[in-house]
Amino acid sequence: MMRDTRVRRLPMALSAVVALALAVIPLPAAVDAFRPDFLVLVVFYWSIESPRAGGLALAFVAGLALDVVRGVVLGQHALALTLMAAWATHLRLRLRVFSVLSQSLTIFALLTGYQFVLFWIDGATGNPVTTFSRWLAPVIGALIWPLIAGALSRSHAR
Amino acid sequence: MVAFRNTDTSGRTTGLLLRCVLYSLLALGLIIFDKRYDHLGQIRRFLSVVAYPVQVAVASPFEGWDWFRESVSSRETLRADKAKLEAELRLANFRLQRFEALEAESQRLRALRDNTAAITDRFLVGDIMDLDLDAFRERVLVDKGARDGVFVGQAVLDSGGVFGQVARVEQLTSEVILLSDAAHAIPVQINRNGLRTIAVGTGDMSRLKLPYLATSADVVAGDLLVTSGLGGGFPAGYPVGTVAEVKRDPAQSLADVDVRPAAALDRSRELMFVWLKQAAAGSAAAPATAATSATPTSPANPATANSPGASTAAPAKAATTSAPDKPSAAKTPAHAAPAAHAAAARAPPAAAKPPADSPKPAAAAPSRTGEIAP
């Protein structure tokens, strides 16, 4: 058990840093709205795969990192990501036996919840973003979930 | 099929709910402290220094590619560029020849009106870091921060005109909010007739709006908008954009005016941070300025056309008489004018002198000295 946790930490940290980089990598403005929340998907993956290795601490720290690089109010992404990662952890045993389609649908629900919390805090702190395109990210995220999860599960395959 | 390999299926993660609540409360606390009390500046600054390597690492391949492209560009391209730049420089210098004289003249005239406009003191060039901050907000990260003296609210220009203002300052970087951000507004003036209004961002980098102009307002496509300098944040007289289209619907009381920004909001790589300097027009000017800027000084208002003379000759008097309320402020110049003319006859040498030989950033308006960086 202990060994298992330690082995997982390296791919976990690496994948989180790569996902953070992908979150700010410059894209053409036309494509920018379609950028999925890579870091969120990575955190969901690790919450489902091995919640003991990173768990909610990973979600919280990743959210804080997103707050800093995005320059929004500190704690916004941290809160959203913590709540949704906890939900993902709660669902993880079911998720593992789900078909790809059901998994994607669940991830879509989680991502939508995540966006909703962000949306809510945006509004509560006085700078609402009301464009519809912010609800695109969950769709794209759910669509690429099988790819991300596949790549990540390969990353720590032995 | 996604294979989860973890064989740990012990149903429960101990105290998931408890930890979730704990972390959520922590995050909520952060949000409240950051938003309400602004106590987290130090933490944020520290975190941003930690995040800086990631940001640099992400931005560097793109900068590296630019550098590579530049270093392999052919001799002919470089020559052509050089010729073009030299031509531009020649033209710019040609235009600059008269600039200093005009600036001095403008300051003299403003001193006569006791209207001390903020003029620019110092520039600092910063590079935009190649990062996407947020798809739904028009903001960029620039590689100059608190270390370089950048402050929140500082005006930022590019070579075309006003670019935006500083929204947040970290130790090494700062975040600039673009003119086109939907949450940004800037006081402007139509260069042709001096009509003042406010230009508001639309969330679209190629478009601003003038939402507060009456249907009957004198604005036509092609009008140049410059900063009015009101509000004190932006230096006056820098181009903001040109009016692209004016839609007038007689049923509406306000016109629908589109503006094309002068700055290359989507293309600029280098920005200039601007420090303002108060023109030194004598220490007595400060209260008078405060008083005149509080009154509705429309350029079309004949009363204010007289007021300059009045307030120059008797700054203290103008300040006190124009203070009470607007109607009497509009009257003030009328009865102050005779005295003003008499005084103005001997005043000019004294009035014209201060701005000419005191270019130092004198603390003319105490309220604004906080913004003047070291």
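**Strands of chain B.** I began with strand E9 (residues 224-227) of chain B, and found that three bridges join E9(B) to strand E10 (residues 239-247) of chain B, the two running antiparallel. To fix the register I looked up one pair, and noted that Leu224(B) has Thr242(B) in E10(B) as its bridge partner. I keep in mind that this is a predicted model.

I then asked which strand E9(B) pairs with besides E10(B), and found strand E6 (residues 185-190) of chain B, which is antiparallel to E9(B) and joined to E9(B) by three bridges. Here the pair I wrote down is Val188(B), whose bridge partner in E9(B) is Thr227(B).

**Chain A.** Turning to the other chain, I counted seven helices and zero strands in chain A, so that my sketch of its elements from the N terminus on reads α-α-α-α-α-α-α. Of the 158 residues of chain A, 48% count as buried. I also checked how far apart in sequence the contacts of chain A reach: among those with a separation of 6 or more, 67% are between residues 24 or more positions apart.

**Where the chains touch.** Last, I looked up how many residues each chain gives to the contact, and recorded 42 residues from chain B and 48 residues from chain A. On the side of chain B that touches chain A, the elements giving two or more residues are helix H1 (16-37) and helix H2 (41-71) of chain B, and the largest share, eleven residues, comes from H1(B). Sorted by class, that side of chain B has 23 nonpolar, seven polar and twelve charged residues.

Definitions and conventions
Residues are numbered from 1 along each chain as its sequence is written. Chains are lettered from A and ligands numbered from 1 in the order in which they are written. This is a predicted model: local features need pLDDT of at least 70, side-chain atom pairs count only at pLDDT 80 or more; totals for chains, interfaces and linings use all residues. Two residues are in contact if their C-beta atoms, placed from the backbone, lie within 7 Å. Helices (H or I, at least four residues) and strands (E, at least two) are DSSP runs, numbered from the N terminus. Ala, Val, Leu, Ile, Met, Phe, Trp, Tyr, Cys and Pro count as nonpolar, Asp, Glu, Lys and Arg as charged, and the others, Gly among them, as polar. Two strands pair if DSSP finds at least two bridges between them. A residue is buried if 20 or more other C-beta atoms lie within 10 Å of its own, exposed if 12 or fewer, and partly exposed in between; C-beta atoms are placed from the backbone.
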